[in-house]
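User: Could you take a close look at one buried charged residue for me, and at what surrounds that side chain? A connected walk through the surroundings would be lovely.

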Amino acid sequence: MACAAARSPAEQDRFICIYPAYLNNKKTIAEGRRIPVSKAVENPTATEIQDVCSAVGLNVLLEKNKMYSREWNRDVQYKGRVRVQLKQEDGSLCLLQFPSRKSVMLYVAEMIPKLKTRTQKAGGGDPSLQQGEGSKKGKGKKKK
């Protein structure tokens, strides 16, 4: 026990872990989701979690080869975990807006849909419509 008390909260192995399954609205609580479905995100990735955390100023560490133990699917999109530093060496919070791991998870789930990669996917349908319109123009021409 004395050994655990001597370890600093700023050490990387003391950072909290966030797996994408914690924030996935496709998962049940039994499958590992840790926040309400209404606030969860569809299929988040570890890189998206890292992007959101680093953008807000948290110290993060991405571990790409780690896998959530309850995850049965071994695809690349489900791999990875993010370690986030909540406390400094003296035990004080790094950012006052994140007093707990749940507050970090809720913030990340709120911000992931606003990422450029997510908004561009939604906007990606527009160019395909334009291509479709272009092919319609070609069909309107008469063959000789």
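Analyst: Happy to help; what follows is a tour around Arg81 and its partners. Please keep in mind that this is a predicted model.

Arg81 sits in strand E3, which covers residues 81-84. At 12% relative accessibility, under the 20% cut-off, Arg81 counts as buried. Its side chain has two polar partners to look at: Tyr19, through a polar contact of 2.9 Å, and Glu63, through one of 2.4 Å.

The pairing with Glu63 is also a salt bridge, with 2.4 Å between the closest N and O atoms. Because Arg81 lies in strand E3 and Glu63 in strand E2 (residues 60-63), this pair ties together parts that are 18 residues apart in sequence. Arg83 joins in as well: Glu63, Arg81 and Arg83 form a linked network of salt bridges. In the whole structure there are five salt bridges.

Beyond its neighbours within four places in sequence, Arg81 is in contact with residues including Cys17, Ala46, Leu61 and Lys66. Ile18 is another of these contacts, and it leads us to the nonpolar surroundings. The largest nonpolar core has 27 residues, among which Ile18 and Leu23 touch the most other members. Strand E1 (16-18), helix H2 (46-56), E3 and helix H3 (101-111) each supply at least two residues of this core. Leaving out its own neighbours within four places in sequence, Ile18 contacts Leu23, Ile49, Arg81, Val82, Val84, Val104 and Met105.

Notes. Residues are numbered from 1 along each chain as its sequence is written. This is a predicted model: local features need pLDDT of at least 70, side-chain atom pairs count only at pLDDT 80 or more; totals for chains, interfaces and linings use all residues. Side-chain values use heavy atoms; hydrogens and water are left out. Helices (H or I, at least four residues) and strands (E, at least two) are DSSP runs, numbered from the N terminus. Buried means under 20% relative accessible area, exposed over 50%, partly exposed in between (1.4 Å probe, protein chains only). A polar contact is a pair of N or O atoms within 3.5 Å; within protein, one must be able to donate a hydrogen and the other to accept it, and residues adjacent in sequence count only if both atoms are side-chain atoms. Contact means heavy atoms within 4.5 Å. A nonpolar core is a set of buried Ala, Val, Leu, Ile, Met, Phe, Trp, Tyr and Cys residues joined through side-chain atoms within 4.5 Å. A salt bridge is a side-chain nitrogen of Lys or Arg within 4 Å of a carboxyl oxygen of Asp or Glu.
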